[in-house]
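Got the model open next to you? Let's take a walk through the sheets, a few individual residues and the enclosed spaces.

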Amino acid sequence: MSETLISYEELYRFTHSVFLSIGCPEADATLATIVLLSADVRGIDSHGVARLTGYVRLYEAGRINPTPDVRIVHETPSTATVDGDRGLGLVVAPKAMQIAIDKAKIAGTGWVSVKNSNHYGIAGYHAMMALEHDMIGISMTNASALVAPTFSIERMLGTNPICVAIPAGEEPPFVADMATTTAANGKLEILQRKGGEAPTGWVQDKDGQTTVDAHALKTGGALLPLGSDREHGSHKGYAFGSIVDIFSAVLSGASYGPWAPPFPAYVPMPQNMPGEGLGHFFGAMRVDAFRPAEDFKQHMDNWIRRFRNATPADAAQPVLIPGDPEREMEKKRMAAGIPLHAAVVKDLRELAEKLKVAPF
């Protein structure tokens, strides 16, 4: 199926109008739009406007509060626990990250755990908020249970992404934004729309056998932790996903593990949930709490340049720094437009008709 190029401005107008239509205040609709579209411009199509209909369905199911009272329920000078009041994670998360940044300005570091929230878009947006303050940013979230731990056929964890953003001087920042699975569920959804097969090692079937069926999750299968299988280190991906789940949800009072609320509104909520909503975890660390910021950034430039100039295995593919592909994609898409798959275009135009907002 074909793709359609849509300008950032037009997609922004449409997305903003959708958030307004479900009752978000102007400021929150603007924030949610910026956060959501940051995924599309950075080339993370699985977490951008392709998920917009999903957010609306969660609102229609009564699981998203468009006017949340995002508040601190417990704090120390350098830490806080935030209740997201069932708000859009796209709104709750940047507000919580700002609290971490504000605490770091005073205490040197700031740490915020969040409960009672929803899907927050890409981890990278929130971590990167720290960069303009000469801080290192950390962002992670738990998610719908789609991942089987090593040696299991039961889905117990989410894709549980983590991002670390580190400022540099003359060089672009180091931004490592990744799921703790071999591939994010959104990439499976993209393959499903295109009628493609999943690469070996992404998913297993209901019996725990590796499969290339991109629809395996619909028939009892599961995503695999980073590493795919025990021989290739899946126990490490399982451990990383568990750490994210514990920091984000057990620490904050959100629901964790197999009880994490599912993103699709049609999936029944788990029984006997131990907490409230999804959870996130954010960190902000002032570089000058460790050494002078300019000194650090000079050495980060040196680090980046040395790694970028590492001898490549293939001359046609230079060594990259985490964040390079997304940064280059953002330049390209802001100039040329954002490609949307025909199935996504159809879905969004049907959403426009249902909500009575102007389509793109």
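What follows is a tour of a predicted model, starting with its sheets and ending with its cavities.

**The seven-stranded sheet**

Let's begin with an open sheet of 7 strands, which has mixed pairing and the order 2-3-4-11-5-6-7. Its edges are strand 2 (71-75) and strand 7 (174-178); each has a single partner strand, so one side of each is left without a neighbour in the sheet. Going from one strand to the next, the twist averages 15°. As a reminder of what holds such an arrangement together, strands of a sheet pair through backbone hydrogen bonds, in either a parallel or an antiparallel way.

Start at the strand 2 edge. A hairpin with 3 residues in between joins strand 2 to strand 3, and the two pair in the antiparallel sense over 4 bridges. If you want a spot to click on, H74 has T81 in strand 3 as its bridge partner.

Strand 3 (residues 79-83) has another neighbour in strand 4 (residues 109-117); these two run parallel and are joined by 5 bridges. Here T79 stands opposite W111 in strand 4. How much of strand 3 is buried? Of its 5 residues, 4 are buried, so strand 3 is largely enclosed by the rest of the structure. The cut-off for buried is under 20% relative accessible area.

Next comes strand 11 (278-286), which sits between strand 4 and strand 5 in the sheet order. Strand 11 is mostly covered, with 8 of its 9 residues buried. With strand 4, strand 11 pairs in the antiparallel sense over 7 bridges, and V114 has H280 as its bridge partner there. With strand 5, strand 11 also pairs in the antiparallel sense, again over 7 bridges; in this case S139 has F282 as its bridge partner.

At the far end of the order, strand 6 (residues 162-166) pairs with strand 7 in the antiparallel sense over 5 bridges. A165 is the residue to look for, standing opposite V175 in strand 7.

Here are the strand pairs described above, side by side:

| Strand pair | Sense | Bridges | Opposite residues |
|---|---|---|---|
| strand 2 and strand 3 | antiparallel | 4 bridges | H74 and T81 |
| strand 3 and strand 4 | parallel | 5 bridges | T79 and W111 |
| strand 4 and strand 11 | antiparallel | 7 bridges | V114 and H280 |
| strand 5 and strand 11 | antiparallel | 7 bridges | S139 and F282 |
| strand 6 and strand 7 | antiparallel | 5 bridges | A165 and V175 |

**The three-stranded sheet**

There's also an open sheet of 3 strands, with antiparallel pairing in the order 9-8-10. Strand 9 (210-211) and strand 10 (222-223) are at its edges, each with a single partner strand, so one side of each has no neighbour in the sheet. Strand 8 (residues 203-204) and strand 10 are antiparallel and pair over 2 bridges; V203 has L223 in strand 10 as its bridge partner.

**Three loop residues**

Now for a few residues outside the strands. R86 is in the loop between strand 3 and helix 4 (89-107). R86 isn't a glycine, yet has a positive phi of about 65°. Its relative accessibility is 35%, so R86 counts as partly exposed.

N160 is in the loop between strand 5 (135-141) and strand 6. N160 isn't a glycine either, and has a positive phi of about 40°. Is N160 buried or exposed? With 0% relative accessibility, N160 counts as buried.

S255 lies in the loop between helix 7 (234-250) and strand 11. At 0% relative accessibility, S255 counts as buried too. A polar atom of the S255 side chain lies 3.0 Å from the backbone oxygen of G275.

**Cavities**

Finally, the enclosed spaces: the count is 2 cavities of 30 Å³ or more. The largest cavity has a volume of about 60 Å³. Residues lining the largest cavity include L58, R63, H119, F263 and L278. By class, that lining has 6 nonpolar, 3 polar and 1 charged residues.

The second largest cavity has a volume of about 30 Å³. Among the residues lining it are V147, L157, T180, P225 and Y238. By class, this lining has 4 nonpolar, 5 polar and no charged residues.

Technical notes: Residues numbered from 1 in each chain as written. Predicted model: local features only at pLDDT ≥ 70, side-chain atom pairs only at ≥ 80, totals over all residues. Heavy atoms only, no water. 1 Å grid on protein atoms, 1.4 Å probe; cavity = no way out; pocket = protein on both sides within 12 Å on 5 of 7 lines; lining within 4 Å. Points joined across faces, edges and corners; volume = space filled by probe spheres on them. Nonpolar A, V, L, I, M, F, W, Y, C, P; charged D, E, K, R; others polar. Pairing = 2+ DSSP bridges. Axes fitted to C-alpha atoms, helices over the stretch in contact; angles between N-to-C directions. Buried < 20%, exposed > 50% of the residue type's maximum accessible area, 1.4 Å probe, protein only. Polar contact = N/O pair within 3.5 Å; in protein donor to acceptor, adjacent residues only side chain to side chain.
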